[in-house]
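Me: Could you take a close look at one part of this structure for me, the largest pocket, and then show me what lies around and beyond it? I work in computational chemistry, so please keep the numbers in.

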Amino acid sequence: MTKVECFTCNPFQTNCFVAHNDGEAVIVDASSSTPGEHTRIEQFIHGRGLVVKELLLTHSHLDHLYGCHHFDQACNKPWRVHSEAVPLLRQVAAQSMLIGAQEVKVPRFEASLIEDASVCFGSATWRVVHAPGHAPGSVCFIDEESGFAIVGDVLFHDSIGRTDLIGGSLPLLMRSIHTKLMVLPDSTAVYCGHGPSTTIGRERKYNPFLQ
């Protein structure tokens with residue numbers, strides 16, 4: 001069974017996830033923006049003797065990238081992204097300048113996440129689904145055996161991702177939600193890029209954007 005630990009970081013309160021199974025781990029969206037936040041994540045990993053096998057990005061908005069350069073150096077691995085997320089990833093310095101945020105370095109990356117690709121660590125196998133609309137190249141990671149999805153900013157507790165940023169599209173986002181997430185079992189836990197986790201069934205019933 002895969003376990004997931006959430007670390008909420010940076011001024012945007014963005015969630016970073018460390019998932020682990022049989023002593024191996026993946027980091028999803030290193031949002032840590034200070035040495036203290038980096039250390040909190042590293043202490044969790046090292047304290048459990050985990051070996052980081054993959055670094056994964058749901059999308060390339062600034063608030064999900066703060067700690068990516070630090071962790072590609074610490075883990076000696078590139079971040080895996082969808083090819084459509086690459087242009088915004090290359091422009092992370094411009095993203096930070098635009099809002100007057102701290103400078104963020106472009107991490108090492110490889111554009112290897114595609115629809116229905118597999119991410120394997122320990123005895124876990126995740127399925128990658130392409131779910132654009134909030135951001136170009138946005139992806140979700142589905143763990144069908146453990147019954148959860150890590151969805152970035154596609155879907156939230158009682159809300160959905162914003163679509164007023166570069167590359168955003170409300171019709172495209174709604175199509176992604178309905179065709180990629182709402183087809184999952186109601187019991188599926190949903191780990192969101194901001195805020196608390198939820199379930200597919202709860203959002204199907206109560207999310208005002210899905211009624």
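Reply: Happy to. By class, nine nonpolar, six polar and three charged residues make up the lining of the largest pocket. Please keep in mind that this is a predicted model. The volume of that pocket is about 510 Å³. Of its 18 lining residues, His61, Leu62, Asp63, Gln95 and Leu165 are the closest to the centre. Helix α4, residues 92-98, gives the largest share of the lining, with three residues.

One of those central residues, His61, leads us to a histidine partner. The side chain of His134 makes a polar contact with the side chain of His61 at 3.1 Å, and the His134 side chain makes another such contact, at 3.4 Å, with the side chain of Asp153. His134 sits in the loop between β8 (124-130) and β9 (139-143). Is this loop residue buried or exposed? His134 has a relative accessible area of 2%, so it counts as buried. Setting aside neighbours within four places in sequence, His134 is in contact with His59, His61, Asp153, Gly161, Arg162, Gly168 and Leu173.

A second histidine makes a useful comparison. His157 belongs to the loop between β11 (155-156) and β12 (159-160). Because its relative accessibility is 30%, His157 counts as partly exposed. The side chain of His157 makes a polar contact with the side chain of Arg202, at 3.5 Å. Beyond four places in sequence, the residues in contact with His157 are Cys192, Pro196, Ser197, Thr198, Arg202 and Glu203. For a sense of distance, the C-alpha atoms of His157 and Asn76 are separated by 34 Å, with their positions 81 residues apart along the chain.

Now to the nonpolar interior. In soluble globular proteins, nonpolar side chains tend to be buried together. Here the largest nonpolar core has 26 residues, and the members that touch the most others are Val18, Ile27, Ile41, Ile45 and Trp79. At least two residues of this core come from each of β1 (3-9), β2 (14-21), β3 (24-28), α1 (35-47), β4 (51-56), α2 (68-75) and α3 (86-90). The largest share, three residues, is supplied by α1. Apart from this core lies another one of 20 residues, including Ile160, Met174, Leu184 and Val190.

Ile45 is a good place to look inside the largest core. This residue lies in helix α1, and its relative accessible area is 4%, so Ile45 is buried. Not counting residues up to four places away in sequence, Ile45 touches Val18, Ile27, Leu50 and Val52. Of these, Ile27 is 18 residues from Ile45 along the chain, and the C-alpha atoms of the two are separated by 9.7 Å.

Finally, two backbone details may interest you. Asp29 has a positive phi of about 60° although it is not a glycine. Asp29 lies in the loop between β3 and α1, and its 2% relative accessibility is why it counts as buried. Asp116, also not a glycine, has a positive phi of about 70°. The loop between β6 (109-110) and β7 (118-121) is where Asp116 is found.

Notes: Residues numbered from 1 in each chain as written. Predicted model: local features only at pLDDT ≥ 70, side-chain atom pairs only at ≥ 80, totals over all residues. Heavy atoms only, no water. 1 Å grid on protein atoms, 1.4 Å probe; cavity = no way out; pocket = protein on both sides within 12 Å on 5 of 7 lines; lining within 4 Å. Points joined across faces, edges and corners; volume = space filled by probe spheres on them. Helix = DSSP H or I, 4+ residues; strand = E, 2+ residues; numbered from the N terminus. Nonpolar A, V, L, I, M, F, W, Y, C, P; charged D, E, K, R; others polar. Core = buried A, V, L, I, M, F, W, Y, C linked by side-chain atoms within 4.5 Å. Buried < 20%, exposed > 50% of the residue type's maximum accessible area, 1.4 Å probe, protein only. Polar contact = N/O pair within 3.5 Å; in protein donor to acceptor, adjacent residues only side chain to side chain. Contact = heavy atoms within 4.5 Å.
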